Structures are given as structure tokens and as C-alpha cells.
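Hello,

Here is the structure you asked about. Please open it first, then read the notes below it.

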Amino acid sequence: MPGLDFTNDDGDPLQAASMNALARHEVAGPTSASTITSPDPDALVYLAPGDSMTFQKRFNSTSLRIDMSTAITSSAASTLAIFGVQINSEYNVGQFRGIGGIYFASGFDAPETVSGVLLASGVPAATLTITAIVYRSAGAGTLTLAAGNPFFLAVREVRG
Amino acid sequence: MSLIFFSGEELLPARLNALPNCKGVWLNPSGSSTTTSSSFADTASTSSVSFTKVDDQSRLRVDFHATCYVTGSVPDEVEFAVRFNSVDYLIAEGRLETASVHKQFSGVRIITVNAAAGTYTVQGRWRRSSGSGTITMDTNDFLSFAVSEAQE
């Protein structure tokens, strides 16, 4: 609400009830197969079109809660897939934020589930671009996110 | 007195609505840790969080994720829990069928106990619930959980 900030007697900011829904965003799942062989998180291996979101963070003092779940395959053994996010270009350098991962002891045709949750503090109030990334941290397998695989990434602003 | 937004919606305190109280742990272990105990024990030493509960009557929601594997005898079963206010709350479990194969375990739990407002340590826990192998987390594994306060 530009120009107006309401607080209650406790000093809590007041928000429209619909902000509860507006504070959460989701990333679309892959629409075509993505293969990942990059060992470098800074290479920004995008998952698929629609793999980033803009998010309006309202307060400097809050944190971001980011929940992720998906499934991925590896063509070869001893391969480690790590998922995470990067928040805005100014946080990219050295600021890759891991959320989850899976180590493939052997190559599998069947997808393995990966999920995790991250609380990111120190992110200022701003319109943020949050990009989901995945990279091959170890091994030589080709990691594949198949079209139609579930991919869920949700961002929410929280206190704490 | 209620304040009404231009759209006709009621304005609510943010702490009750858009901005829940939430803390979390994310861990990629720097070394290996194991359990063969049938009793719950702490996961890696940094797998706890200090959480401040602001309301006496609220509940806690915990979202939990971890990967691990087993060495030695298979199959084995592993259980994960979070310890809150001196009680272990089971939150995820599963079977490890093949030695050295890392698996993901996840769960969500609402802790309904009415603990008084205050600051608590919430600690990740695990145990081998069946089998005789060695349940292991190492540098290729991940553990994360989030604790948030929910209205009753």
C-alpha cells in the first residue's frame, strides 16, 4: 500500500489477508528434458524455461524460506547432484545457496527424489529474482530432469 | 476495531498471517557420522536450531529432509525425528535395501503440544530401527529442516 503503513498496538505491520497467498511463489516444472554435466554452480545451469521467479520481499529484517522437491536421474555411478538457488545477480558471486542433493552410487534409469528447505537471512527488501539451479558436484554421469518430472520450488517471506 | 483494506479485506497483524515465525537448519556434513543405535541420537552436531515460540497456544510445524545410506548388512530401516522440549517426534522413516546407495527421506509433522512461549532448541535425531548395518551420513549427504509456528 504505497505511502501508508499501518501497525497495531504491538507495532506489528498490518497486511491484507491475501498477502498470505501473495507471499508465496512457485517455479514451473521442466517442459522438456534438461541434462546437466556442469561442475560449476556459477555456470548457472538453468533447469528449464520458467525456472526463475520474481519475488517481492517486503521487509529487511525477515528471512526467505525456500522449499524444493524434484526427481532426477544419473547415467553413471559416483555422481553427486546438488540443487539450490541464486538470489539476484548481486548475490551470485560466492552466494550459491544449496537446498538439497542426491548421490548416485550407481547409474539409475529410475528417478531419485531430492528435496530440502533453506532459510536465507540477510536478504534486503527488494524485488528479487530467484533462480533455481542444479549442478553436478562430483562424478561423470549425465544428470537428467525429464519432462514431466515434478519440480517444486516455493519461496515465502518469514520472520526469524 | 478492524481496519479494512481498499479491496474490502481485513488487515491482519503480519505475525498471524503473511510472516510466520520460522527458523531452519541446512547441513552438508563436513565428515562422516553413523548410528547403529536403536535409540534416537543427535544427528551431526550442527543439526539444531534455536527457535523462539511467541504464543503459548500455538503448534509447531516441522518440515524435514535428509539423505543417508547403509554399509554392511542390509536391509536396514532408519527413522528420523526432531527433539523438542525433551521429546522425540518421529517425522520420517524408510528402508535401505542396498548397501552404499543413498536415499532421500522427508516428512512433515505438526507438533500439537501446547508448549509455553519461549526459546527452545529443536534438534535433528536419527536411529536404526531395524537391521544390523551401519547407517551413515557423509559429505555427499544433506539434512535440512524448517520449524515454523502455526495457529492452533
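Is B:Trp26 buried, partly exposed or exposed? With a relative accessibility of 32%, B:Trp26 counts as partly exposed, because that class runs between the 20% limit for buried and the 50% limit for exposed. Please keep in mind that this is a predicted model.

The search for aromatic pairs covered the whole structure and found six of them over all chains. In one of these, the ring centres of B:Trp26 and B:Phe142 are 6.0 Å apart and the planes stand at 45 degrees, so the pair is tilted. The two residues come from distant parts of chain B, 116 residues apart. B:Trp26 belongs to strand 2 (residues 22-27), while B:Phe142 is in the loop between strand 11 (134-137) and strand 12 (143-150). B:Phe142 has a relative accessible area of 4%, so this residue is buried.

Another pair is formed by B:Phe64 and B:Phe145. This one is stacked, with 6.0 Å from centre to centre and 15 degrees between the planes. Again, distant parts of the chain are linked: B:Phe64 lies in strand 6 (residues 59-71) of chain B and B:Phe145 in strand 12, 81 residues apart. B:Phe64 is buried at 0% relative accessibility, and B:Phe145 is buried with a relative accessible area of 0%.

B:Phe64 and B:Phe145 are also members of one aromatic cluster, together with B:Phe80, B:Phe105 and B:Trp126.

A charge over a ring was found as well: B:Arg127 lies over the face of B:Phe40, 4.6 Å from the ring centre.

Regards

Conventions: Residues numbered from 1 in each chain as written. Chains lettered and ligands numbered in written order. Predicted model: local features only at pLDDT ≥ 70, side-chain atom pairs only at ≥ 80, totals over all residues. Heavy atoms only, no water. Phe/Tyr/Trp six-rings, centres within 6.5 Å; stacked < 30°, edge-to-face > 60°. Helix = DSSP H or I, 4+ residues; strand = E, 2+ residues; numbered from the N terminus. Buried < 20%, exposed > 50% of the residue type's maximum accessible area, 1.4 Å probe, protein only. Lys NZ or Arg CZ within 6 Å of the ring centre and 35° of its normal.
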